[in-house]
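Let's walk through this structure together, starting with one chain and then moving to a place where two chains meet.

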Amino acid sequence: MRWLLAFLLIANVSVAEEVVLGLSQDEVAITTQFDGSEILIFGAVKREEAIPEGPPLQVIVTVAGPSEPVTVRRKEKRFGIWVNTDAVEVDRAPSFYAVATSGLLREVLSNVEDLRNKISVPRAIRSVGAPMSINDAGSFTEALIRIRRANQLYQLLENQVVVDDQTLFRTSIRLPAALTEGAYRTRIFLTRKGKVISQYETSIDVRKVGLERWLFTLSREMPLIYGLMSLAIAIAAGWGASAAFRLIRN
Amino acid sequence: MQIYLPIAEVSVNAFLLLGLGGLVGILSGMFGVGGGFLMTPLLFFIGIPPAVAVATEANQIVASSFSGVLAHLRRKTVDLRMGTVLLIGGLVGAALGVVIFNYLKSLGQVDLLVRLCYVVFLGVIGSLMFVESLNAIRKTAKGAPPVKRKHTLIHKLPFKMRFRVSGLYISVIPPLLVGLCVGILAAIMGVGGGFIMVPAMIYLLGMPTKVVVGTSLFQIIFVTGFTTLLHATTNFTVDVVLAVLLLVGGVIGAQIGTQIGVRMKAEQLRILLALMVLAVCGKLALDLLLMPSELYSVRAAEGH
């Protein structure tokens with residue numbers, strides 16, 4: 001009984017400040033005209049007592065696409081031309097990852113908390129086994145981050161979360177056009193002095209809809225039918241063009 | 001207007017694709033080639049993943065060749081018998097090509113292979129065509145008679161067969177081999193192989209020029225159709241939205257190109273085509289030779 005009480009007390013302390021969240025949309029539909037999307041993430045901090053003394057409350061928002069293993073390859077000059085030589089497989093890398101913070105990331109989040117919650121971009125990637133022949137496996141993960149950052153797939157948005165009166169917060173995250181499907185895990189952390197005091201998690205559903213959905217499913221589930229359909233369209237278009245231009249000429 | 005391609009999973013400008021299709025269509029109409037050898041590198045340049053570009057281009061060639069072969073059938077300039085022999089070699093070649101393609105994809109060398117194939121073939125064919133058409137221009141200026149066809153080793157091989165439309169009585173081995181090579185290239189490079197097939201038919205098999213284009217187109221339909229199916233079922237890389245955008249531009253461009261082509265001299269056309277082929281080849285070769293700005297590349301891991 002005493003155990004339970006102690007547990008409840010801790011639990012009570014840890015939720016002294018709690019997130020109430022709103023999303024501008026909890027679904028992103030990839031249609032044929034899809035050209036990226038902007039999600040507004042906003043919310044409030046619910047608390048039972050007065051705002052604690054000391055440094056102000058900080059907010060971190062992360063949005064992560066589905067993780068998948070990727071292969072990073074490096075080019076080297078062989079026989080006068082540039083070819084892929086070394087490769088490192090990264091076990092899990094989110095296809096999209098954005099971190100938005102209300103201050104500088106290293107100021108609002110301690111290293112220990114970052115390790116525990118895997119918040120910053122390098123921590124969100126998991127790479128364990130590089131082949132023995134490669135000594136600089138780190139440069140491969142760095143390259144992965146650099147390439148995905150250049151494509152806006154990985155974003156570090158420092159000072160992009162607006163916090164009003166330590167209670168209301170909001171930020172917007174731009175999803176690029178080249179998105180993969182899946183549940184985008186969205187986390188909100190409240191921190192004080194670099195320590196996470198509360199967190200909240202939800203997910204945004206990104207999926208192809210309509211024609212995109214239909215074609216993609218068909219190509220994976222019935223590839224033969226899909227292939228035959230592509231051929232039929234091609235042959236019909238070829239015949240149509242030939243017939244149409246014969247009409248015009250006559 | 002941006003269009004999201006469901007299989008390539010990239011968003012591209014629809015008008016850019018229509019324009020590219022139209023441009024390559026004009027060129028293919030002018031020169032009587034499928035245009036795949038130009039379109040596939042162009043798709044690489046605008047950021048379509050190479051595997052998708054190669055598979056989708058095969059599908060687009062089916063459309064343009066079908067449109068072309070209908071016109072040739074009406075003019076009775078298709079040697080169906082020769083086409084079928086070439087086709088048998090071609091189908092075997094296409095199957096081999098997809099196996100090679102998938103093996104190299106697992107090694108991470110598919111981009112290199114595709115690019116190397118392009119540099120080598122575009123370079124060789126571009127130079128040969130350039131020299132040949134320069135000579136032709138010089139000869140027509142002098143008024144020299146055309147060279148007579150010679151009997152070569154090809155006429156001594158066994159399994160002879162009569163090809164009535166082409167007026168030939170030759171062994172089936174050379175056409176089978178030509179078909180096989182073009183089939184492999186079609187699968188790896190995403191091209192119909194017309195730019196290799198046409199010279200091979202004229203110079204190696206000795207077919208009359210008037211039946212060459214139609215016959216080549218006839219067998220290309222089946223080889224690229226087969227390639228499309230293989231890519232669709234083994235790699236899932238045929239993007240039908242991309243194919244439709246390209247072929248709409250392509251079939252319109254081809255008709256405009258044919259009109260331009262009619263007004264120009266054959267040698268001038270061939271020289272222009274040769275220069276264009278060499279330009280594409282040069283660009284691809286520079287990409288291989290110069291140090292790339294990003295040494296690393298990221299791909300989804302295989303076998304998961």
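**A tour of chain B and a helix pair**

Chain B holds 10 helices and 5 strands, where helices (H or I, at least four residues) and strands (E, at least two) are DSSP runs numbered from the N terminus. This is a predicted model, in which local features need pLDDT of at least 70, side-chain atom pairs count only at pLDDT 80 or more, and totals for chains, interfaces and linings use all residues. Residues are numbered from 1 along each chain as its sequence is written, while chains are lettered from A and ligands numbered from 1 in the order in which they are written.

Step back and look at chain B as a whole. Its C-alpha trace spans about 55 × 40 × 40 Å along the principal axes. Of the 304 residues in chain B, 50% are buried (20 or more other C-beta atoms within 10 Å of a residue's own, with C-beta atoms placed from the backbone).

Now turn to the two helices, H7 of chain A (residues 223–249) and H9 of chain B (residues 240–262), whose axes come within 10 Å and cross at roughly 20°. Axes here are lines fitted to C-alpha atoms over the stretch in contact, with angles from 0 to 180 degrees between N-to-C directions. H7(A) is therefore roughly parallel to H9(B), a term for angles under 35 degrees. Residues making this contact include A:Ile233 and A:Phe245 of H7(A) and B:Leu247 and B:Gln255 of H9(B); being in contact means that C-beta atoms, placed from the backbone, lie within 7 Å.

Key
Parallel < 35°, antiparallel > 145°, perpendicular 65-115°, else oblique. Contact = placed C-beta atoms within 7 Å. Buried ≥ 20, exposed ≤ 12 C-beta atoms within 10 Å, placed from the backbone.
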